[in-house]
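Biologist: Could you take me through a single part of this protein closely, and set that part within the whole chain before you come to its details?

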Amino acid sequence: MNIRAETSADHGSIRTLNRIAFGGEYEAALIERLRAEELIRASLVAIDDEQLIGHILFSAISVIVDGWGVRAAALAPMAVTPKRQRQGVGSALVRTGLDQLAAQGFEAVIVLGHPAYYPRFGFSPATVNKLEAPYSGEAFMALELTADALAGMSGTVTYPDAFDPD
């Protein structure tokens, strides 16, 4: 398996993968809106035997803590073809993406995802419990790439309009 940055030649396969993995159009359309608004900060694909088997996307998101901007990204979506799930493809995509974001100087990553999956990478709902956001609960988590990037008294997380197509 090889993980690399997406190319324009991958766009059709990424759309198909997300439709299959999520059983609908929202995630595939979200990716298109994020591309159109130039909000993508990292978009990686997993390739095996010349087939696209996984995709992960990180996009710009506004995070303010105690009046200061935090350089943050939203992880959404991440998809793996059903027959390759539970084989480490998603984990490899997450780890590679987080490494790339850290190298780019990002301080934090926000995710709304499976509470049994993302904590293995260090994501925690406790990290965002002081932040006002459109989401809450155990599925809303963050990972600090820079120590104490989200530590503070209060703050906000604002998703770009691309996440709300209405």
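Modeller: In this predicted model, the protein is built from 3 helices and 8 strands, and these follow one another along the sequence in the pattern β-α-α-β-β-β-α-β-β-β-β. The radius of gyration is 15 Å, which agrees with the value near 15 Å that a compact globule of 166 residues would have, while the C-alpha trace spans about 50 × 35 × 30 Å along its principal axes. Of the contacts between residues at least 6 apart in sequence, 65% join residues that are at least 24 apart. Buried residues make up 45% of the 166, and of the roughly 8,300 Å² that the protein exposes, carbon and sulfur atoms supply 49%.

The part I would look at closely is glutamate 27, which lies in helix H2, a helix running over residues 26-36. Glutamate 27 belongs to a protein with 20 negative and 13 positive side chains, the centres of the two sets lying 7 Å apart. Although glutamate 27 is buried, it has no salt bridge: the nearest side chain of opposite charge is that of arginine 33, at 8.6 Å, whereas a salt bridge requires a side-chain nitrogen of Lys or Arg within 4 Å of a carboxyl oxygen. As for what surrounds this residue, if one leaves aside residues up to four places away in sequence, glutamate 27 touches Asn18, Phe22 and Pro77.

Conventions. Residues are numbered from 1 along each chain as its sequence is written. This is a predicted model: local features need pLDDT of at least 70, side-chain atom pairs count only at pLDDT 80 or more; totals for chains, interfaces and linings use all residues. Side-chain values use heavy atoms; hydrogens and water are left out. Helices (H or I, at least four residues) and strands (E, at least two) are DSSP runs, numbered from the N terminus. The radius of gyration is taken over C-alpha atoms; the globule rule is 2.2 Å times the number of residues to the power 0.38. Buried means under 20% relative accessible area, exposed over 50%, partly exposed in between (1.4 Å probe, protein chains only). Contact means heavy atoms within 4.5 Å. Accessible areas come from the Shrake-Rupley method with a 1.4 Å probe; for residues, only the protein chains shown count as cover. Lys and Arg count as positive and Asp and Glu as negative; His and the chain ends are not counted. The place of a charge is taken as NZ of Lys, CZ of Arg, CG of Asp or CD of Glu.
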